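Work through the exercises below with the model open beside you. Try each task before reading its solution.

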Amino acid sequence: MVFNKIKVGRLRWGSIYVFLTLALIGTGCSLNTEEKVKELNAVDVPADEIVDISWNAGWSPAISVTPGILFELRGSDDVIYELSGDTAYLCVDAGGKLESLSKGGNTKKSGERFYWNYLYGDPQIQPADVGDSWINIIRKEENFRTGWVLIKISSGTDKTAERENGLFKAEVMASLEFPQQDGNYQVISDKNLLDLEAAYKK
């Protein structure tokens with residue numbers, strides 16, 4: 001019986017030891033995760049270093065000579081861009097014919113152009129029923145995310161005359177660069193970008 005009590009006691013202490021060890025490991029992981037989040041370094045940069053919105057006096061299919069709000073990506077030849085958000089509204093010029101951006105994929109190179117036009121999302125929709133549209137432009141170098149621009153396209157905050165007439169404008173809500181740290185690219189996760197987007201949409 002004494003042996004059994006000792007054995008049980010050892011098992012209990014063993015379980016407690018394992019529990020404390022796992023707890024400490026979990027705490028360490030949590031601290032490491034928090035440190036990684038804190039290490040994210042982002043600085044404001046002019047949006048036109050990443051994208052040029054060359055004509056935005058107010059676009060409407062009824063009055064405009066362009067097929068939408070025009071965007072041109074900027075940067076060196078080795079830079080690529082990933083577009084996300086309301087990409088159903090985006091279109092590109094494919095040999096003199098406009099087609100949905102999604103047909104060619106959402107990855108683009110510097111120098112490429114694309115347009116925002118709500119009719120590409122729903123040809124039957126009325127301008128007054130188009131809500132705010134959001135576009136993310138993510139710059140990538142050597143497969144690392146090095147820059148980010150968040151664009152909001154709207155024609156007002158309510159049923160204004162501009163919205164009724166379908167006069168849309170693009171506004172840069174955020175334009176950030178993620179500089180190298182100690183000569184290394186930062187690892188910018190999907191969650192980092194989602195958190196940044198949520199913060200700038202408030």
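## Exercise 1: The chain as a whole

Of the 202 residues of the protein chain, 34% count as buried. Buried means under 20% relative accessible area, exposed means over 50%, and partly exposed lies in between (1.4 Å probe, protein chains only). This is a predicted model: local features need pLDDT of at least 70, side-chain atom pairs count only at pLDDT 80 or more, and totals for chains, interfaces and linings use all residues. Residues are numbered from 1 along each chain as its sequence is written, and side-chain values use heavy atoms, with hydrogens and water left out.

**Task.** State how many helices and strands the protein chain has, and give their order.

**Solution.** Step 1: apply the assignment rule. Helices (H or I, at least four residues) and strands (E, at least two) are DSSP runs, numbered from the N terminus. Step 2: count. The protein chain has three helices and 11 strands. Step 3: read from the N terminus. The order is α-β-β-β-β-β-β-β-β-β-β-α-β-α. Step 4: look at contacts, meaning heavy atoms within 4.5 Å. Of the contacts with a separation of 6 or more, 65% are between residues 24 or more positions apart.

## Exercise 2: Two open sheets

**Task.** Give the strand order of the six-stranded sheet and of the five-stranded sheet, and find the edges.

**Solution.** Step 1: fix the criterion. Two strands pair if DSSP finds at least two bridges between them. Step 2: trace the six strands. Their order is β1-β11-β10-β9-β4-β7, the pairing is antiparallel and the sheet is open. Step 3: find its edges. β1 (43-44) and β7 (107-109) each have a single partner strand, so one side of each has no neighbour in the sheet. Step 4: trace the five strands. This open sheet runs β2-β3-β8-β5-β6, again with antiparallel pairing. Step 5: find the edges here. β2 (51-52) and β6 (97-100) each have a single partner, so one side of each is left without a neighbour in the sheet.

Now check two pairs. Nine bridges join β9 (residues 133-141) to β10 (residues 144-154) in the antiparallel sense. Within that pairing, K140 has R145 of β10 as its bridge partner. β5 and β8 also run antiparallel, joined by two bridges. L90 stands opposite W116 in β8.

## Exercise 3: The loop between β9 and β10

**Task.** Examine E142 and N143: what is the sign of phi, and is each residue buried or exposed?

**Solution.** Step 1: place them. E142 lies in the loop between β9 and β10, and N143 is found in that loop too. Step 2: read phi. E142 has a positive phi of about 50°, although it is not a glycine. N143, not a glycine either, has a positive phi of about 70°. Step 3: read accessibility. E142 counts as exposed at 61% relative accessibility. N143 is exposed at 60%.

## Exercise 4: The cores

**Task.** Identify the residues of the largest nonpolar core that touch the most other members.

**Solution.** Step 1: define the set. A nonpolar core is a set of buried Ala, Val, Leu, Ile, Met, Phe, Trp, Tyr and Cys residues joined through side-chain atoms within 4.5 Å. Step 2: name the leaders. Among 25 residues, F71, W116, I137, I151 and I153 touch the most other members. Step 3: list the elements. β3 (69-73), β4 (80-85), β5 (90-94), β8 (113-116), β9 and β10 each give two or more residues to this core. Step 4: separate the other core. A second core of 10 residues includes W134, I138, L150 and L196. Step 5: inspect I137. Leaving aside neighbours within four places in sequence, I137 has contacts including I50, L73, L83, F114 and W148.

## Exercise 5: Helix α3

**Task.** Test the length of α3, then work out which residues are buried and what they pack against.

**Solution.** Step 1: compute the span. The expected value is 1.5 Å times one less than the number of residues. For the 12 residues of α3 this gives 16 Å, and the end C-alpha atoms are 16 Å apart, which agrees. Step 2: list the buried residues. They are N192, L193, L196 and E197. Step 3: check the side. These residues cover an arc of only 130° around the axis (taken from the directions from the helix axis to the C-beta atoms), which puts them on the same side of α3. Step 4: turn to the other side. K191 and L194 are exposed there. Step 5: find the partners. The buried residues of α3 pack against β9, β10 and β11.
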